[in-house]
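Trainee: Could you show me how to read an enclosed space inside a protein model, and then how to read a contact between two helices?

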Amino acid sequence: MQSPQAQSNPGLGIAFILVGVVAISVNDMLIKFLSGGYPLHQMVFTRSIIGIAFGLILVQLEGGLQILRADRPMLHLLRCVMIVIANMTFFAALAVLPLAEATALFFVSPLIITLLSVPLLGEKVGPLRMGAVVVGFIGVIIMTRPWVGQDGRAVSMLIYLLPILAAVTYAVNQVLTRMLGVASKASALAVYIQATFIVVSLGFWAVAGDGRYADGLSNESLVFLLRAWVWPEGRDVWLFLGLGVNSAIVGYALAQAYRSADAAVIAPFEYAGLPLAIFWGWLIWADLPDAVTLMGIALILGAGLFVFLREHQKKRRILRGKRMQVR
């Protein structure tokens with residue numbers, strides 16, 4: 001059951017999720033842009049070092065280092081592991097798939113969050129909103145086109161499964177964020193994530209930092225994970241710095257969003273990442289989705305909008321009923 005201490009502020013949660021979605025979109029674009037010359041774990045390490053520095057500043061502003069003390073350390077650890085898996089698998093897919101296509105596959109996650117919010121958080125999702133979730137899933141299926149055989153695909157089907165795995169682990173992470181956000185500040189939740197990324201990326205560096213395991217590989221996703229560290233040159237230095245600052249924004253904004261409002265209300269606004277992914281794909285790589293993909297996007301966005309409007313309508317009825325009782 002949802003803790004009675006949890007306070008819901010839908011407006012604040014929606015504002016933070018939109019900030020986080022924009023930051024995520026920029027982050028994905030930068031990582032895909034840099035994926036041809038640098039290993040993923042180097043990018044993760046760089047952005048997390050910068051991100052944790054910003055996060056610790058926010059920790060001081062929100063109460064000091066004592067807020068980093070975790071009452072439920074194992075749940076925090078599980079949350080961190082989930083987001084690490086989500087990031088690593090999604091970014092590995094970005095090295096091969098078009099940005100819009102990888103993002104569309106990943107957007108199973110808001111639908112899963114809405115579903116998980118019922119058994120894990122005790123939130124109520126009525127039949128109309130559940131129907132909208134089904135429509136959203138249909139939109140995702142249309143965009144991913146599972147009916148196309150392997151011969152009709154440019155990459156292995158296993159690559160398409162990476163963003164889906166990312167979506168599932170990300171959904172679990174966000175539900176855990178809502179559960180833990182009652183007692184933990186957003187800055188502390190963000191610092192836990194950044195620290196976990198640093199540990200994992202250093203582990204990759206210790207094992208594969210010299211690129212020994214990337215030699216002879218043809219799979220671009222594996223090469224992206226295992227190639228040797230290279231010191232960034234020219235403008236890439238600034239892009240790496242941008243990744244770090246952006247990572248701090250993502251970590252704080254998402255944690256604040258999911259601790260501020262119900263997951264079923266917040267999740268649909270993550271769909272704003274779809275048109276942003278299309279925009280970056282067109283601007284940087286001249287990729288534009290075809291008519292079938294656009295149809296899927298329309299269904300997903302429509303489902304998300306309906307879920308929000310239905311939630312807003314339900315809250316208005318509850319408030320109106322309370323006023324009638326007072327009279």
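Mentor: Begin with the wall: H3 gives the largest share of the lining of the largest cavity, 6 residues. Helices here are DSSP runs of H or I with at least four residues, numbered from the N terminus. The model is predicted, with local features needing pLDDT of at least 70 and side-chain atom pairs pLDDT 80 or more, while totals for chains, interfaces and linings use all residues. Residues are numbered from 1 along each chain, and side-chain values use heavy atoms, without hydrogens or water.

Trainee: How many cavities does a search of the whole structure find?

Mentor: A cavity is a set of points on a 1 Å grid over the protein atoms alone where a 1.4 Å probe fits but cannot get out, lined by residues with an atom within 4 Å of a point. There are 3 of 30 Å³ or more, and the largest holds about 470 Å³, a volume being the space filled by probe spheres set on the points.

Trainee: Which residues are closest to the centre of the largest cavity?

Mentor: Among its 30 lining residues, these are Ile-24, Asn-87, Tyr-170, Val-250 and Leu-254. The helices that each supply at least two lining residues include H1 (10–34), H7 (157–180) and H10 (236–260).

Trainee: Which residues of H4 meet H12?

Mentor: Taking contact as heavy atoms within 4.5 Å, Leu-99, Ala-100, Thr-103 and Ala-104 in H4 meet a set in H12 that includes Leu-274, Ile-278, Trp-280 and Trp-285.

Conventions
1 Å grid on protein atoms, 1.4 Å probe; cavity = no way out; pocket = protein on both sides within 12 Å on 5 of 7 lines; lining within 4 Å.
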